[in-house]
Amino acid sequence: YALGVAVSSSLSVGNASNGLFAEGRAVLAGNRLYANGGNGLQRGGWNTGTLILRNTSHGNALDGFNLSGAALLLESNTAYGNGGDGVDSSARGLLAGNVSSSNTGNGFRLSGPHEAASNQAYGNLDRGFRLLNGSHTLVDNHSYANPNGGLLVQSASPTWSGGALGRDAALAPAPNGGADLDLAGGTVERVTFRDAWFGAVAPAG
């Protein structure tokens, strides 16, 4: 349990519940969280800043990172092989440079306003990105080789700029199974794409 402290370079393995639980102005950096019975890392709902940097969360029964609250920075983390989502976030904040792969659920499940930049989601059994509730701004993200689809939109008017659906970070083709984009019964006007690869379709201009 971390409340207003720094936890770095630790190992949390085989706990019955979460690997690490944090609230408040904690800094969590360089930790390895695996084979826990709950989430690898759970961030509670206090509306204060938490920095989550360069952690690896894998093989946990639930989510790799389960995040709520506000004023969050999730940067340069890795989540793979978890029983739920790689990252499940209802926290308001910035997600940058994270990699989420081979999870049973979604790579990134985002609810509430988020900014997400330069993240990669691949090989996740559900979607690469699932957007719920609130507006989201995504820049230079890549969602590819996810068996059930690249992007599921269930939120109001998100924006996807740069990056790609169905291509990896080097822009090599890596198709998603199902649809690259699933609007959950909505219309394409609900999503704004700018300068992004969409499967085999290159950005305009």
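**Two parallel sheets and an aromatic cluster**

Nine strands make up an open sheet with parallel pairing, in the order β3-β6-β9-β12-β15-β18-β21-β24-β27. The edges belong to β3 (11-13) and β27 (197-198), and each has a single partner strand, so one side of each lacks a neighbour in the sheet. Strands here are DSSP runs of E with at least two residues, numbered from the N terminus, and two of them pair if DSSP finds at least two bridges between them. At the β27 edge, two bridges join that strand to β24 (residues 164-165), and the two run parallel. Within this pairing, L165 has F198 of β27 as its bridge partner.

A word on the model itself: it is predicted, so local features need pLDDT of at least 70 and side-chain atom pairs count only at pLDDT 80 or more, while totals for chains, interfaces and linings use all residues. Residues are numbered from 1 along each chain as its sequence is written, and side-chain values use heavy atoms, with hydrogens and water left out.

There is also an open sheet of nine strands with the order β2-β5-β8-β11-β14-β17-β20-β23-β26, again with parallel pairing. Here β2 (6-8) and β26 (192-194) sit at the edges with a single partner strand each, so one side of each is left without a neighbour in the sheet. From one strand to the next, the twist averages 5° (axes are lines fitted to C-alpha atoms, and angles run from 0 to 180 degrees between N-to-C directions).

Strand β11 (residues 72-75) gives a handy look inside this sheet. On one flank, β8 (residues 50-53) pairs with β11 in the parallel sense over four bridges, with L51 opposite L73. β14 (residues 93-96) also pairs with β11 in the parallel sense over four bridges. In that pairing L73 stands opposite L94, and E75 has A96 as its bridge partner. In a regular strand the side chains alternate between the two faces of the sheet. For β11, L72 and L74 are on the covered face, whereas L73 and E75 are on the uncovered one.

Now for the aromatics. The structure holds five aromatic pairs; rings of Phe, Tyr and Trp (its six-membered ring) pair if their centres lie within 6.5 Å, with planes under 30 degrees apart called stacked, over 60 edge-to-face and the rest tilted. F108 and F129 have ring centres 4.9 Å apart and planes at 15°, so this pair is stacked. The two come from distant parts of the chain, 21 residues apart, with F108 in strand β16 and F129 in strand β19 (residues 129-132). F193 and F198, by contrast, have ring centres 5.6 Å apart and planes at 85°, so they are edge-to-face. Together with W160, these four Phe residues, F108, F129, F193 and F198, form one aromatic cluster.

Burial varies across the cluster (buried means under 20% relative accessible area, exposed over 50%, partly exposed in between, with a 1.4 Å probe and protein chains only). F108 is buried at 1% and F129 is buried at 0%, whereas F193 is partly exposed at 28% and F198 is partly exposed at 32%.

F108, in strand β16 (residues 108-111), has plenty around it. Leaving aside neighbours within four places in sequence, its contacts (heavy atoms within 4.5 Å) include V87, L95, N119 and F129. F108 and D85 are 23 residues apart in sequence and 6.6 Å apart in space, C-alpha to C-alpha.
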